[in-house]
Amino acid sequence: MHGEYKVPGGKLVVVDLDVRGGALRDVRVAGDFFLEPDEAILAIDSALEGAPANTDTAGLAARIDAALPASTVMLGLTSEGVAVAVRRALAHATEWSDYDWQLIHEAPQSPALHMALDEVITAEVAAGRRPPTLRVWEWDSPAVIIGSFQSLRNEVDPAGAARHGITVVRRVSGGGAMFVEPGNTITYSLSVPDALVSGLSFADSYAYLDDWVLGALGEMGIRAWYQPLNDIATDAGKIAGAAQKRVVGGEGAVLHHVTMSYDIDADKMLEVLRIGKEKLSDKGTSSAKKRVDPLRRQTGLAREAVIERMIDSFRTRHGLTPGRVTDEEMARAEELVRTKFGTTEWTARVP
C-alpha cells in the first residue's frame with residue numbers, strides 16, 4: 001500500500017506499507033523533508049511497525065512522538081503528517097497526478113446560477129461523468145452569499161442590501177457570509193473525487209485542497225498560510241475564506257470553494273453584513289475592516305493578472321486542460337435556480 005501527503009506549508013511525505021494480521025508491516029517512510037538525526041527515520045518506521053491497522057491519526061502520531069530521539073528536529077515534516085500519509089495508504093487514496101484536471105472559466109453569471117453550477121458540476125464528478133474540475137467564477141452583479149446554516153436576518157441588513165442593489169443567495173456549504181463585488185472578488189471551486197481526500201480529516205482536507213493556492217500566492221510575493229478551520233491569512237490579515245460540501249452518490253465527491261478579496265469596499269460591506277462582536281472575538285481584532293487585507297494592495301497586480309497566475313500555478317503543479325459547462329449541465333443548473341437557489345424558500349430556509 002502506498003500513501004502520499006503534502007504537509008501544508010511543508011514537504012511531501014511518502015509511506016509504503018503492508019497489512020498482515022490486522023497490523024502495519026514493512027513500513028517505510030520517505031520524502032523530501034529534512035530530519036535530524038539520521039536515525040530518527042528508523043525510529044519512525046519502528047514506531048509504526050506492528051501498530052493496529054485501525055489506529056487513528058492521533059494514535060499513530062503519538063507512537064511516533066514517543067519513539068523519536070529527544071534531539072529530533074523536523075523541517076517540513078510533522079508526526080501528524082506521517083500519520084496522515086499512513087491513513088491515506090490504508091484508505092487507497094488517490095493523488096492529484098492520478099487525474100486529468102479540467103478548467104472552467106467562463107463569462108460572468110448570476111449569483112444564483114453560480115450556486116447551482118457548484119451543485120451540478122460536483123454531482124457530475126461524483127457520478128464519474130466529469131473529470132475533477134477547477135472552476136473560476138466571474139460575477140455579473142454584487143452579492144452576499146450566506147452559509148447553508150446561517151440565519152438570513154442575523155447576517156444581512158435588508159435595507160443595506162436593497163440600497164446597494166445586492167442580491168442575497170444561500171450556498172449548499174456551511175461557513176460564514178461572503179460579500180462579493182464583480183471587480184473586487186476572486187472566487188473558485190474545486191469539484192474533486194472523494195478518493196482524493198481519503199484518509200484526511202475534514203479539517204485537514206481544507207488545507208490539502210488549497211495548498212496549491214498558497215504556492216501561487218507565494219510566487220506573487222505573498223507569504224500566506226492556512227488558519228484553521230477555513231481561512232487563508234497573511235501577516236497583513238485574512239485574504240480568503242473556504243467552505244466545503246460532501247456529495248454522496250456514485251463514488252462521492254467534495255465541493256471546495258474559496259472566495260478571495262482582491263479589493264473591498266469595507267464601508268459598503270458593513271452596511272450590508274451584520275458582523276457582531278462575537279464573530280470578531282476570536283480573530284484578534286475589534287474591527288471587521290481590519291480582518292480583510294485585499295490582494296490588490298499586497299500584489300500590485302490587476303485582478304485578471306492574479307487569476308491568470310493562479311491558473312498557471314495550478315497547471316504547472318497538476319496539469320489543466322480547458323473545458324466548459326456542457327449544455328446539459330447548464331440546463332440542470334438553470335432548473336435549480338428556478339426551483340431552489342433563486343427561491344425565497346431556499347434563501348430564507350433559516351430565517
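Which residues of α1 are buried? The legends below start there and then move along the predicted model.

**Figure 1. Buried residues of helix α1 in the predicted model.** Helix α1 covers residues 40-48. Its buried residues are A40, A43, I44, D45, A47 and L48. These residues pack against two helices and several strands, namely β3 (23-31), β4 (34-36), α2, β5 (73-75) and α3 (79-90). Just after α1 comes G50, with a positive phi of about 85°.

**Figure 2. Packing of α1 on α2.** Helix α2 spans residues 57-67. The axes of α1 and α2 come within 8 Å and cross at roughly 135°. That angle makes α1 oblique to α2. The crossing is right-handed. On the α1 side, the contact residues are A43, I44, A47 and L48. On the α2 side, they are L60, R63, I64 and A67. By class, this contact has seven nonpolar residues, no polar residues and one charged residue. A43, I44, A47 and L48 also appear among the buried residues of α1.

**Figure 3. Packing of α2 on α3.** The axes of α2 and α3 lie 8 Å apart, at an angle of about 130°. The two helices are therefore oblique to each other. Their crossing is right-handed. From α2, the contact takes in T57, L60, A61, I64 and D65. From α3, S79, E80, V82, A83, V84, V86 and R87 take part. The class count is seven nonpolar, two polar and three charged residues. L60 and I64 of α2 meet α3 here, and L60 and I64 also meet α1.

**Figure 4. A buried salt bridge between R135 and D118.** R135 forms a salt bridge with D118, and the closest N and O atoms are 3.1 Å apart. R135 lies in strand β7 (residues 133-137) and D118 in helix α4 (residues 111-127), so the pair ties together parts that are 17 residues apart in sequence. Both R135 and D118 are buried.

**Figure 5. Surroundings of H114 in helix α4.** H114 lies in α4. How accessible is H114? The relative accessibility of H114 is 0%, so H114 counts as buried. With neighbours within four places in sequence left aside, H114 is in contact with Q109, R135, W137, E138 and W139. One of these, R135, is the salt-bridge partner of D118.

**Figure 6. The D312 and R315 salt bridge in helix α12.** The structure holds 20 salt bridges, and this view shows one of them, joining the side chains of D312 and R315 at 2.7 Å, N to O. Why are D312 and R315 separated by about one helical turn? They are three residues apart in α12 (residues 303-318), which puts about one helical turn between them. D312 is partly exposed, with a relative accessible area of 31%. R315 is partly exposed as well, at 34%. Elsewhere, salt bridges that share partners join D18, R20 and D26 into one network.

**Figure 7. The D293 and R297 salt bridge.** The side chains of D293 and R297 meet in a salt bridge, with 2.4 Å from N to O. Is D293 buried or exposed? D293 is buried, with a relative accessible area of 9%.

Key
Residues numbered from 1 in each chain as written. Predicted model: local features only at pLDDT ≥ 70, side-chain atom pairs only at ≥ 80, totals over all residues. Heavy atoms only, no water. Axes fitted to C-alpha atoms, helices over the stretch in contact; angles between N-to-C directions. Helix = DSSP H or I, 4+ residues; strand = E, 2+ residues; numbered from the N terminus. Parallel < 35°, antiparallel > 145°, perpendicular 65-115°, else oblique. Left-handed = near helix turned anticlockwise from the far one by under 90°. Contact = heavy atoms within 4.5 Å. Nonpolar A, V, L, I, M, F, W, Y, C, P; charged D, E, K, R; others polar. Salt bridge = Lys/Arg side-chain N within 4 Å of Asp/Glu carboxyl O. Buried < 20%, exposed > 50% of the residue type's maximum accessible area, 1.4 Å probe, protein only.
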